[in-house]
Amino acid sequence: MASHDEWIEKTRDHVEHLFEGEGSGHDYQHIYRVWKMSQRIAEDEGANKTVAELGALLHDIADWKFHDGDDTIGPKKAEEWLNSIGADQSTIDQVKDIVATISYKGAGVATPMNSLEGKAVQDADRLDAIGAVGIGRAFSYGGNKNRLMYHPDEPPVMHDSFEAYKKNKGHTINHFYEKLLLLKDRMNTDTGKRIAEERHQYMQEYVDRFLKEWDGHA
Ligand code: ADP
Ligand code: NI
């Protein structure tokens, strides 16, 4: 078991260095929160903690949004890294599968996870996109990409393909309708659903209030 703890510690270190200076909502703090939440969900749901924790630590290792839409780089990088620290092939395959399938791909695109560990990590990642932290991350991402906070003449678009979702450049309030407010109904695990419910409520109240203030009604 000691080697498992060592893989996790080495991977945590590696990822912390990789994400240094990243200011778009994909910083190491996000990875840390997803790691801790994955631990909690994996424990509650009886998933393999080593696989879930490695999946969480490596899930954003090469996000497609920062590689011209290429979503094959992440699993490749995860495999290279896990090989370099001597992880066994079964662990590598399970973690690679999580990294390859975790991402949100548009309102109308299903993103099923193949394993209980993957379900735990996907829930943890999505929980970090909603609630108070999620609101902060959305505006931070929008600022990083020079997007408007809101524009009343641009309604949300329910993307039905990953291609269309990738090209999206809408304002940040639209992102709440195109993704964030949909996440609670896409949670995999009971633990995830329970936590999402409360965060969703908070976020919905925030958006309602934002739009009221925008119109000068609050
Ligand atoms: P996932 O890990 O499910 O793929 P993302 O990597 O797409 O999630 O998102 C990372 C963070 O950036 C999230 O908090 C998300 O809400 C935010 N984000 C992504 N796209 C946008 C956008 N178009 N506008 C505002 N925030 C965004
Ligand atoms: Ni993430």
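Mentor: A helix here is a DSSP run (H or I) of at least four residues, and such runs are numbered from the N terminus. By that rule Asn174 has its place in helix H9, residues 172-178, and we should keep in mind that the model is a predicted one.

Trainee: Why does Asn174 count as buried?

Mentor: Buried means under 20% relative accessible area, and since Asn174 has 4% relative accessibility, it counts as buried. Leaving aside neighbours within four places in sequence, Asn174 is in contact with Glu154, Pro155 and Pro156.

Trainee: What makes Val34 count as buried, and which residues is Val34 in contact with?

Mentor: Val34, which lies in helix H2 (residues 28-45), has a relative accessibility of 0%, and therefore counts as buried under the 20% limit. Apart from neighbours within four places in sequence, the contacts of Val34 are Ala56, His59, Val121, Ala124, Asp125 and Asp128. Val34 and Asp123 are 89 residues apart in sequence, whereas their C-alpha atoms are 8.9 Å apart in space.

Trainee: How do you know which residues are the protein donors of the nickel ion (ligand 2)?

Mentor: A donor is an N, O or S atom within 2.8 Å of a metal such as this one, and the atoms named for the nickel ion lie 2.1 to 2.3 Å from it. They belong to His30 (NE2), His59 (NE2), Asp60 (OD) and Asp125 (OD), and the donor residues follow the spacing H-x28-H-D-x64-D in sequence. His59 lies in the loop between helix H3 (49-58) and helix H4 (73-84), while Asp125 lies in helix H6 (residues 116-127), so this pair ties together parts that are 66 residues apart in sequence. Both His59 and Asp125 are buried.

Trainee: Why is the arrangement of the 4 donor atoms around the nickel ion called irregular?

Mentor: For four donors to count as tetrahedral, all angles must lie between 85 and 135 degrees, but the angles here run from 81 to 170 degrees, which makes the arrangement irregular.

Trainee: What makes H4 roughly antiparallel to H5?

Mentor: The axes of H4 and helix H5 (residues 89-101) come within 8 Å and cross at roughly 155 degrees. An angle over 145 degrees counts as roughly antiparallel, and that is why H4 is described in this way relative to H5. The crossing of the two helices is right-handed, and among the residues that meet there are Ala78 and Leu82 in H4 and Ile92 and Val99 in H5.

Trainee: Why are H5 and H6 called oblique to each other?

Mentor: Their axes come within 10 Å and cross at roughly 40 degrees, which is neither under 35 nor between 65 and 115 nor over 145 degrees, and H5 and H6 are therefore oblique. Gln94, Ile98 and Thr101 of H5 make the contact with Glu117, Gly118, Val121 and Gln122 of H6.

Trainee: How do you know that H3 and H5 are oblique to each other?

Mentor: The axes of H3 and H5 come within 9 Å and cross at roughly 45 degrees, and H3 and H5 are therefore oblique as well. Their contact involves Val51, Leu54, Gly55 and Leu58 of H3, with residues of H5 including Gln94 and Ile98.

Trainee: What makes Asn146 exposed?

Mentor: Exposed means over 50% relative accessible area, and because the value for Asn146 is 73%, this residue is exposed. Asn146 has its place in the loop between helix H7 (131-144) and helix H8 (162-167), and its phi is near 60 degrees, a positive value in a residue other than glycine.

Notes: Residues numbered from 1 in each chain as written. Chains lettered and ligands numbered in written order. Predicted model: local features only at pLDDT ≥ 70, side-chain atom pairs only at ≥ 80, totals over all residues. Heavy atoms only, no water. Donors = N, O, S within 2.8 Å, 3.2 Å for Na, K, Ca; no water. Tetrahedral: all angles 85-135°; square planar, octahedral: opposite > 155°, others 65-115°. Buried < 20%, exposed > 50% of the residue type's maximum accessible area, 1.4 Å probe, protein only. Axes fitted to C-alpha atoms, helices over the stretch in contact; angles between N-to-C directions. Left-handed = near helix turned anticlockwise from the far one by under 90°. Contact = heavy atoms within 4.5 Å.
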